[in-house]
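Student: I would like a close look at a single part of this protein. Please take one sheet, say how it is put together, and then place it in the rest of the chain.

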Amino acid sequence: MEKILCITHTQPDGTLPNVALEALTVAVRLLQQLDGATLTVGLIGQNVKPAADSVALCGATRFLSVVGPEFEVSRYASDAAAVEAITRTAEATLVIAPATTRFSRALPGVVQRLKGRIETHISGLDVADGKLAVQRWYYRQRMVATLTRTQRPWFLLIDGGVYPVWQGESGTVTPEKLVVELGKELLRTQVIGIQSPKTNVKTIRPDADVLFVAGAGWTKKQADGQLHLDEAEQHILGFLTNCNASLGSSKSLVDQSVEGVAVLPFMSHLNQVGQTGSTPRHSKGLSTCCHGEEPHAVGWRFINERRAINTDANCGWAQGKADVLYVADAFEVMAKVNALLAG
Ligand SMILES: Cc1cc2nc3c(=O)[nH]c(=O)nc-3n(C[C@H](O)[C@H](O)[C@H](O)COP(=O)(O)OP(=O)(O)OC[C@H]3O[C@@H](n4cnc5c(N)ncnc54)[C@H](O)[C@@H]3O)c2cc1C
């Protein structure tokens, strides 16, 4: 009988990120599908009470926590120690965790200590005849595999955007506090701040319905022989605002800044979609001024409905990569679309 542990870290305000609530959906489903299973919730952070209360009625029979200022920040040593302590105390056989950067870094080490196994980037689960099978993609989302394992504890890092956010009544619960001693050695890494690319607009919105991808065409000379960067910025940001869309980019566009070519200032490499970029999950995607070559289209694996605007009728999108290709000037189309959306 499986002992399920859903473990997560909290946000600075003590609440849970959406990706953690998505992992909880997985844990609750497994609790219902696996005969005789039990569920423990494990929380790590400076203050976990709001998080615990928000999921108090999820069906867990036990709540464990590791609390303190040194557990607020992302640091391998303290995160690994906290996860290890909670997993051992819960005697967990299945550990469900969100694939945050923090846990993606810390959990593989914990698995070594506990002589378990881990699967990362889980994008699906299935229980048949009482057996759990998980699904993940390999080779930059080109091949999908279904796996089962007998070894325990089995850690599963659930990718964001695959499962719905757990929703249920909040309640009141006081999690058991575990004491985790962090010696000087474990605290020698001090988090003194976060450096991120300078962009003046928040453009990456994993929860958005629509992904808007901009390609290098926006910064190329247009039919009149001129660059139209200001206009491009206006169309792109206008659409993001009108639709609350998330902004993706081709590699060529974000690479231009390091090559000294004119760029769109709100773009960074974090926006890049593709083989060497991200593989975001959104229900719809609109590609503009982007050729749709294979390395880029690989990043569209989890976009359900795809449309593209390109002046070139032979662009990559026309080769079966988009559901609809508008052979048109994206400047003209987006001006019209934004006017309709704003009106
Ligand atoms: C190992 C490897 C990994 C790679 N990984 C990635 C990756 O992760 N992500 C990625 O994006 N690329 C990746 N690439 C690069 C990829 O192959 C392409 O070079 C890149 O995606 C092209 O970007 P683009 O379509 O924006 O630019 P371009 O190829 O320059 O295309 C610009 C497009 O804009 C169109 N256009 C211009 N003006 C307009 C207009 N007014 N209206 C409509 N359309 C217009 C043009 O017709 C053209 O199709 C990788 C390449 C390699 C070799």
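Tutor: What follows starts with one sheet and works outward.

The model is a predicted one. The part to look at is an open sheet of five strands. Their order is β11-β10-β12-β13-β14, and the pairing is parallel. β11 (246-249) and β14 (324-327) stand at the edges. Each of these two has a single partner strand, so one side of each lacks a neighbour in the sheet. From one strand to the next, the twist averages 20°.

Now the β13 end of the sheet. β13 and β14 run parallel and are joined by four bridges. Within that pairing, Arg 307 stands opposite Val 324 in β14.

Arg 307 also leads back to the strand on the other side of β13. Strand β12 covers residues 282-288 and holds Leu 286. Is Leu 286 buried or exposed? Count the C-beta atoms around its own: the cut-off for buried is 20 or more others within 10 Å. Leu 286 has 27 within that distance, so Leu 286 is buried. Which residues does Leu 286 touch, once its neighbours within four places in sequence are set aside? The contacts are Val 210, Phe 212 and Arg 307. Ile 204 is a further reference point. Ile 204 and Leu 286 are 82 residues apart along the chain, and 15 Å separates their C-alpha atoms.

Next, the ligand. Its shell counts 30 residues. The closest are Gly 215, Gly 217, Ser 250, Lys 251 and Gly 274. Four elements give two or more residues to this shell: α6 (251-255), α7 (294-297), β13 (303-310) and α8 (330-342). β13, a strand of the five-stranded order, is thus one of the contributors. α6 gives the most, with three residues. By type, the shell has ten nonpolar, 15 polar and five charged residues.

Step back to the domains. The protein divides into domain 1 (3-186) and domain 2 (210-342). The C-alpha centres of the two domains lie 36 Å apart. Five residues from domain 1 and five residues from domain 2 make the contact. On the domain 1 side, the touching residues are one nonpolar, two polar and two charged.

A second sheet serves for comparison. Nine strands form this open sheet, in the order β7-β6-β5-β8-β4-β1-β2-β3-β9. Here the pairing is mixed. β7 (143-147) and β9 (176-177) stand at the edges. Each has a single partner strand, so one side of each is left without a neighbour in the sheet. At the β9 edge, two bridges join β9 to strand β3 (residues 62-67), and the two run parallel. Leu 64 has Glu 176 in β9 as its bridge partner. Helix α3 (residues 76-90) lies across β1 (3-9), β2 (38-45), β3 and β4 (94-98). The helix runs at about 155° to β3.

Last, the whole protein. The secondary structure comes to eight helices and 14 strands. Of the 343 residues, 38% count as buried; Leu 286 is one of the buried residues. Take contacts between residues at least 6 apart in sequence: 70% of them join residues at least 24 apart. Along the principal axes, the C-alpha atoms fill a box of roughly 70 × 50 × 40 Å.

Notes: Residues numbered from 1 in each chain as written. Predicted model: local features only at pLDDT ≥ 70, side-chain atom pairs only at ≥ 80, totals over all residues. Near = placed C-beta within 6 Å. Nonpolar A, V, L, I, M, F, W, Y, C, P; charged D, E, K, R; others polar. Buried ≥ 20, exposed ≤ 12 C-beta atoms within 10 Å, placed from the backbone. Contact = placed C-beta atoms within 7 Å. Pairing = 2+ DSSP bridges. Axes fitted to C-alpha atoms, helices over the stretch in contact; angles between N-to-C directions. Domains from an automatic or database assignment.
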